[in-house]
Amino acid sequence: MLNVPSQSFPAPSSQQRVSSGGRSKVPLKPGRSLMDWIRLTKSGKDLTGLKGRLIEVTEEELKKHNKKDDCWICIRGYVYNVSPYMEYHPGGEDELMRAAGSDGTDLFDQVHRWVNYESMLKECLVGRMAVKPTVPKDCHEEKKILNGMLPKSQVTDTLAKEGPISPSYDWFQTASLVTIVIYTKQKDLKLDSVIVDHQYESFRAETIIKDYSYLIHIELSHEIQEDFSVRVIHNVGKIEIVLKKKENTSWECLGHPLENHNSFVPKKDTGLYYRKCQLISKEDVTHDTKLFCLMLPPSTHLQVPIGQHVYLKLTITGTEIVKPYTPVSDSLLSEFKEPGFPNNRYIYFLIKIYPAGLFTPELDHLQIGDFVSVSSPEGNFKISQELEDLFLLAAGTGFTPMVKILNYALINIPSLRKVKLMFFNKTEDDIIWRSQLEKLAFKDKRFDVEFVLSAPTSEWKGKKGHISPGLLSKFLKRSLDKSRVLICICGPAPFTEQGIRMLHDLNFSKDEIHSFTA
């Protein structure tokens, strides 16, 4: 019998899509929404045409099913009949047909990476691709007592030739403590590059080094207390994770290796790990946007780097639904509000609630104390310490990635001369944190904000309209002729796509533009 894939997300080879173009959507017919699709999958209707059987599919058989009314697609070794899903696909039938009768894994990772296909297409599963038997790997290395040396078999050929030097690890103990030391050989390592989780019997520490992931994943030989500390010694690239023993006994070994332990692979080839976070508070920011505060488990160390996002996961009518969100600060400047929660234990999100949506109403209905699954961070945003001019273009909740970028730049980049935000909204009531933005502009003369409304009242005295070359050409003035510039843009796909085209027309280079797309 075939094993049906578990409902995990995201896919192992996923990566953040940061590009000049967003994903195109097509209008769906009435009765073809995501909720309608979920209802169809729960109806008991045979969506595969195989009356519940799972089969092994050869390459030759897969190729035969390449028409709209008979379309099979292979994703990560499993074959799905996506014909029933054609009319429900937000990207349109033509996009699905690009992978008809073939292995669509790479295409899926490029375009649909945040779709939880294993859950969404569970009832469309035809079976598994027929593959030739492979010789099992030698597990001898994994059975040794953990000593921190990375087996060469776990370093890919590409990594050995092009990637950073492979890390290693060791451990030592005192009567009450166990210290795991990771030697990364990278001097520019930051604390937010290290993610540590201790859940149930599993202890995992993931270190992000450039575009690679080094994972320690073990079942500890003895119990530890919930809280632990993580420290990075920057000048030597060493990480120390200090665990507190529950009992003051001597450990003979650190523990037993679990899946992918001691591996060092490209980050895009790893799946994201989730932990359950507790909803601590939610407060109204505008008439349709709220600030959510989630608390990390006490046995988790996670700091989301500037410009990166995480995925929130909820189970809705039996189907896992996942959406990407960029965490924000609890405010633009701490003196503008009452003292909040410590930053290292809490994650904040500004989220617009769509009443007719599927995910955000469910999120809004959560009670204080309920739990939400939160993934590890993703993204590749980088900001130069020599930056001189920073321009931010945001529409609606596209403001969210700008919050931390704005805070970071004003506090941490000494060469910065100017930060300007052009914030597009429909009405004054839609402007997120308007008061804070105006106070920040008054307090720090390097910062300036301009609000642009597309549907203002007659009393509005500010700028009106949509993103345009005229608005941008006046807004994007360098402080010096050859000043080092970064332009960040985020909003609905049409806004971002139009904005990038206009920026190129204004002779800004690709390296000077960073777009955030979901």
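**An open sheet, two cores and a pocket**

In this predicted model, 6 strands come together as an open sheet, with the order S20-S19-S22-S16-S17-S21 and antiparallel pairing. The edges are taken by strand S20 (319–325) and strand S21 (346–352); each has a single partner strand, so one side of each is left without a neighbour in the sheet. On average, neighbouring strands here are turned by 40 degrees against each other, direction ignored.

Now for the individual pairings. Strand S16 (residues 274–284) meets strand S22 (residues 371–375) through 5 bridges, and the two run antiparallel. One spot to look at is Gln 278, whose bridge partner in S22 is Phe 371. S16 is also joined to strand S17 (residues 289–295), again antiparallel, by 6 bridges. These two strands, S16 and S17, make a hairpin with 4 residues between them, and Leu 279 has Leu 294 of S17 as its bridge partner. Elsewhere in the sheet, strand S19 (residues 310–316) pairs with S20 over 7 bridges in the antiparallel sense, with Leu 312 sitting opposite Lys 323 of S20.

Leu 312 turns up again in the nonpolar interior. The largest nonpolar core counts 47 residues, and Trp 37, Leu 312 and Leu 363 are the ones with the most contacts inside it. S19 gives the most to this core, namely 4 residues. Setting aside neighbours within four places in sequence, the contacts of Leu 312 include Leu 294, Ile 321, Val 322, Lys 323 and Tyr 325. Also on the contact list of Leu 312 are Phe 349, Ile 351, Phe 359, Leu 363, Val 372, Ser 373 and Val 374. Another core, of 43 residues, lies apart from the largest one and has Leu 390, Ile 405, Leu 437 and Val 449 among its members.

Then there is the empty space. The second largest pocket holds about 1100 Å³. It is lined by 32 residues, and the closest to its centre are Ile 208, Lys 210, Gln 308, Phe 381 and Lys 382. Strand S10 (residues 202–209) supplies the largest share of that lining, with 3 residues.

Finally, a look at one helix residue. Asp 106 sits in helix H4 (residues 105–111). Its relative accessible area is 58%, and because the cut-off for exposed is over 50%, Asp 106 counts as exposed. Along the chain, Asp 106 and Ile 75 are 31 residues apart, while their C-alpha atoms are separated by 8.5 Å.

How values were computed: Residues numbered from 1 in each chain as written. Predicted model: local features only at pLDDT ≥ 70, side-chain atom pairs only at ≥ 80, totals over all residues. Heavy atoms only, no water. Pairing = 2+ DSSP bridges. Axes fitted to C-alpha atoms, helices over the stretch in contact; angles between N-to-C directions. Core = buried A, V, L, I, M, F, W, Y, C linked by side-chain atoms within 4.5 Å. Buried < 20%, exposed > 50% of the residue type's maximum accessible area, 1.4 Å probe, protein only. Contact = heavy atoms within 4.5 Å. 1 Å grid on protein atoms, 1.4 Å probe; cavity = no way out; pocket = protein on both sides within 12 Å on 5 of 7 lines; lining within 4 Å. Points joined across faces, edges and corners; volume = space filled by probe spheres on them.
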